[in-house]
Amino acid sequence: MNQDYLYEENILEHYRNPKNKVEREFEVCETCGIGENVDCGDRAELFLDLDGGEIKKVTWAGNGCAISQAAMSMMTEKIKNEKLSLHDLRLWSPSVIYELLGVKISPSRVNCALLSYKCLEDILKKQK
């Protein structure tokens, strides 16, 4: 079994069973970031409940292709499991998302892969 196959299976698993996903209408959040991929219709919202710079809870809502949804799931799992702070997230670049996905992303799928990062950028630019 090759490495790419394992990563592809991981993406499909996060797509089928997303982590930290909520229904938007039931989620109350003080800090939200929105991302849209107009090319294919993917849309997502990232919700961070903050206490100072500490992240107390991270969730997301949205819909789209397997790559965009898996990236949202994987990103929120990393934030939650590693107990990352807002300061930590300011140090991120798109390469973090590519690393989480673990597969080569074609140019036509870059916007799908980075939808989660767009949501994060939206939050960071709203925070001082």
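Trainee: What's the mean pLDDT of the protein chain?
Mentor: This is a predicted model, and the chain averages a pLDDT of 89, with 90% of its residues at 70 or more.

Trainee: Which elements have the lowest and the highest mean pLDDT?
Mentor: Helix H1, residues 3-16, is lowest with a mean of 77. Helix H2, residues 66-81, is highest at 97.

Trainee: Let's stay on H2, then. How far does H2 reach from its first C-alpha to its last?
Mentor: Its 16 residues cover 22 Å, close to the 22 Å expected at 1.5 Å a residue.

Trainee: And is H2 mostly covered or mostly open?
Mentor: Mostly covered, since twelve of the 16 residues in H2 are buried. Among them are Ile-67, Ala-70, Ala-71, Met-74, Met-75 and Ile-79, but also Ser-68, Gln-69 and Glu-77.

Trainee: What about the phi of Lys-83, after H2?
Mentor: Lys-83 follows the helix with a positive phi, near 50°.

Trainee: OK, packing. How many residues are in the largest nonpolar core?
Mentor: That core has 34 residues. Leu-46, Leu-48, Ile-79, Leu-89, Trp-92, Ile-97 and Leu-101 make the most contacts inside it. Elements giving it two or more residues are S2, S3, H2, H3 (86-90), H4 (94-101), H5 (110-113) and H6 (115-126).

Trainee: Which element gives the largest share of this core?
Mentor: H2 does, with seven residues.

Trainee: Pick Leu-89. What does Leu-89 touch, leaving out residues up to four places away in sequence?
Mentor: Leu-89 contacts Leu-48, Ile-55, Ile-79, Leu-84, Leu-120 and Leu-124.

Trainee: Switching to the strands: how do S2 and S3 pair?
Mentor: S2 (residues 42-51) and S3 (residues 54-63) run antiparallel, joined by nine bridges. One of the bridge pairs puts Ala-44 opposite Gly-62 in S3.

Trainee: And what's the phi of Gly-52 in that hairpin?
Mentor: Positive, near 65°. The hairpin has two residues between its strands.

Trainee: Last topic, cysteines. How many disulfides does the structure hold?
Mentor: Zero. Cys-40 is in none, and the nearest cysteine sulfur, in Cys-112, sits 3.8 Å away.

Trainee: Why is there no bond between Cys-65 and Cys-112?
Mentor: Because the two sulfurs are 3.7 Å apart, which is too far for a bond. The cut-off for a disulfide here is within 2.5 Å.

Trainee: Are Cys-40 and Cys-65 buried or partly exposed?
Mentor: Cys-40 is partly exposed, at a relative accessible area of 44%, whereas Cys-65 counts as buried at 18%.

Technical notes. Residues are numbered from 1 along each chain as its sequence is written. This is a predicted model: local features need pLDDT of at least 70, side-chain atom pairs count only at pLDDT 80 or more; totals for chains, interfaces and linings use all residues. Side-chain values use heavy atoms; hydrogens and water are left out. Buried means under 20% relative accessible area, exposed over 50%, partly exposed in between (1.4 Å probe, protein chains only). Two strands pair if DSSP finds at least two bridges between them. Helices (H or I, at least four residues) and strands (E, at least two) are DSSP runs, numbered from the N terminus. pLDDT is the predictor's confidence in each residue, from 0 to 100. A nonpolar core is a set of buried Ala, Val, Leu, Ile, Met, Phe, Trp, Tyr and Cys residues joined through side-chain atoms within 4.5 Å. Contact means heavy atoms within 4.5 Å. The expected span of a helix is 1.5 Å times one less than its number of residues.
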